[in-house]
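Work through the exercises below with the model open. Each task is followed by a stepwise solution.

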Amino acid sequence: MAQYTKHPVSAPPRAPERESTGHLMLRGYIVLALFTTFAHSAVYNLVGEVGAVIALAAFLIATVAIGVPMIARGRPHPFAWRRLPWAATAYTALALVSVAWSQWRGATLLTWALLATVTITALFIVHVLTWQEIVRALASAFKWILGLSLALELWVALVVHGPILPNFFERPEGEIDPHWYWVRGNLFDGDRIQGIVGNSNLLAIISLFAMITFGVLFAARARWRTTLALWTLLAAFFFVRAGSATAFACAAAAALVLLVALLMRRTTTPGARTRLYVIFIGGSAVLGIAVWLLQKPLLGLLGRSSDLTGRSDKIWESVLERAAEHPLFGNGFSSPWVPFDPAFAGWIEDHGITVFHAHNMWLDVLMQLGVLGVVLMAVAYLSLLWRSWFFAVDRPRWDLRSDRSYSPLTLLPSLFTVVLLVQGLTESTPIMLWGWMLLVLLSFKIKAVPLVGIGERERVIERGERVRRVP
């Protein structure tokens, strides 16, 4: 019996292409690496210091073992050596060289190994994944952190009926400072919660990153939008219940930048953009002055002391005193501060716990690598801020056509960068671990692939092909 079809003989229908098993496994490994980096404190609380070091070494070996052969063979495309984030690379080199004059050489070598591992992992992710895949991998890592945080908080509240210590140690007799606990079991009593990461401030920032990532994917009409909306609600719940004043400030700054970026996208003339820049910069200056003058009542509304919970009186003054001893090149790299090193053990304590960073990224860099380190870090972050801003507000264009639609994914780098910069005023995490990973990853990706979904590198990765030359 004859069969009829509307498809011409020359173009028979075919199923959509599927990702290879190897690429799926690669993406799974990257999600695991991102999860371990963002939830590093959970790994530490679960397996202890030795286990955390073993996990670090395992990821470094695995990344090198996977990445070096791929780069040597030019797969999935030649490595973009000329597009490396040179300011961040120079900072990494300076951190290693500082062992020559470091006041804590053991801590410098140990923490530089951590910095190098995070840097290599970030470069590897950029090399093997497209923009879309990077955003999806971040979303998957955040989902794991949020989901496990909810499971742990429920378990502690409903089964344990009390707080738990790191490594599941048994609670000793007598009163214990709450800061020693991994999870305090406050899910149903209205107090601040810590999640699997064991820190309310860290949980709040990760929840903010998650909301930005899920929102971008939702706007890009990703699959399973209803599920994305539910994950966003969970992230918002953790964000509110974590109760971090720093995270609230970061969210306000990100919301303002998002508003201005969306307004910029709607402008059609250079004059309109100029007016928006004047209003935005002037308004930001006025708002900054107002916040500075009203900082005491504002901090009081958030339940925080005027010295930023002891930062200005207890921590920053001590850091500045040590920074003044070697102002040009610093005292030696150590991010984070190694609590068992004699130079840091008992130097600055909070609730009986040795503080492991300066709670200000710029003061931390000044103490460790001096004015030279501050300059390199400022160039690294300002260049990322500059590139990510125009990555978000400029219409994608690679020929004479100027009416192509914007991609919601291009908003993510600028929002992440603003969050990191605002957080850096009261925390040092933007210069280590996941903060440093985001700096290197976003800087390298924007330079290597300045258009989402467009360009030979993006198409080559998506097709899994190999090319001889990439322009």
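Two rings of Phe, Tyr or Trp (its six-membered ring) form a pair if their centres lie within 6.5 Å. Planes under 30 degrees apart count as stacked, over 60 as edge-to-face, and the rest as tilted. The model is predicted.

**Exercise 1. Aromatic pairs**

Task: count the aromatic pairs by this rule. Then classify the pair of Phe 209 and Phe 416.

Solution.
- Step 1. The rule gives 19 aromatic pairs.
- Step 2. The ring centres of Phe 209 and Phe 416 are 4.5 Å apart, with 50 degrees between the planes, so this pair is tilted.
- Step 3. Locate both residues. Phe 209 belongs to helix H6 (residues 200–219) and Phe 416 to helix H13 (residues 411–423). They are 207 residues apart, so the pair links distant parts of the chain.
- Step 4. Check burial. The cut-off for buried is under 20% relative accessible area. Phe 209 has 0%, so Phe 209 is buried. Phe 416 is also at 0% and therefore buried.

**Exercise 2. A second pair**

Task: classify the pair of Phe 239 and Phe 248, and compare burial with the cut-offs.

Solution.
- Step 1. The centres of Phe 239 and Phe 248 are 5.3 Å apart. The planes make 80 degrees, and the pair is edge-to-face.
- Step 2. Phe 239 has 9% relative accessibility, so Phe 239 counts as buried.
- Step 3. Phe 248 has 31%, so Phe 248 counts as partly exposed.

**Exercise 3. From pair to core**

Task: place Phe 209 in its ring cluster and in the largest nonpolar core.

Solution.
- Step 1. Ring pairs join Phe 209 with Phe 38, Phe 142, Phe 416 and Trp 434 in a cluster.
- Step 2. List the contacts of Phe 209, leaving out residues up to four places away in sequence. They are Phe 38, Phe 142, Phe 416, Val 419, Leu 420, Trp 434 and Leu 438.
- Step 3. The largest nonpolar core holds 115 residues. Ile 30, Phe 38 and Phe 209 touch the most other members.
- Step 4. Another core, of 15 residues, lies apart from the largest one. Its members include Ala 107, Trp 337, Ala 343 and Leu 363.

**Exercise 4. Charges over rings**

Task: which rings have Arg 225 and Arg 322 over them?

Solution.
- Step 1. The charged end of Arg 225 is over the ring of Phe 218, 3.9 Å from the ring centre.
- Step 2. Arg 322 is over the face of Trp 347, 3.7 Å from the ring centre.

**Exercise 5. A threonine in a helix**

Task: describe the surroundings of Thr 92.

Solution.
- Step 1. Thr 92 is in helix H3 (residues 86–97).
- Step 2. Relative accessibility is 11%, so Thr 92 counts as buried.
- Step 3. A polar atom of the Thr 92 side chain lies 2.9 Å from the backbone oxygen of Ala 88.
- Step 4. Beyond four places in sequence, Thr 92 touches Trp 112, Leu 115, Thr 119 and Trp 436.

**Exercise 6. Helix H4**

Task: test the length of helix H4 (residues 105–128) against 1.5 Å a residue.

Solution.
- Step 1. H4 has 24 residues and should span 34 Å.
- Step 2. Its end C-alpha atoms are 35 Å apart, which agrees.
- Step 3. Of the 24 residues, 17 are buried, so H4 is largely enclosed by the rest of the structure.

**Exercise 7. The whole chain**

Task: summarise the fold in numbers.

Solution.
- Step 1. The protein chain has 15 helices and two strands.
- Step 2. Of its 471 residues, 48% count as buried.
- Step 3. Take contacts with a separation of 6 or more. Residues 24 or more positions apart account for 75% of these contacts.

Notes: Residues are numbered from 1 along each chain as its sequence is written. This is a predicted model: local features need pLDDT of at least 70, side-chain atom pairs count only at pLDDT 80 or more; totals for chains, interfaces and linings use all residues. Side-chain values use heavy atoms; hydrogens and water are left out. Helices (H or I, at least four residues) and strands (E, at least two) are DSSP runs, numbered from the N terminus. Buried means under 20% relative accessible area, exposed over 50%, partly exposed in between (1.4 Å probe, protein chains only). A charge sits over a ring if NZ of Lys or CZ of Arg is within 6 Å of the ring centre and within 35 degrees of the ring normal. A polar contact is a pair of N or O atoms within 3.5 Å; within protein, one must be able to donate a hydrogen and the other to accept it, and residues adjacent in sequence count only if both atoms are side-chain atoms. Contact means heavy atoms within 4.5 Å. A nonpolar core is a set of buried Ala, Val, Leu, Ile, Met, Phe, Trp, Tyr and Cys residues joined through side-chain atoms within 4.5 Å. The expected span of a helix is 1.5 Å times one less than its number of residues.
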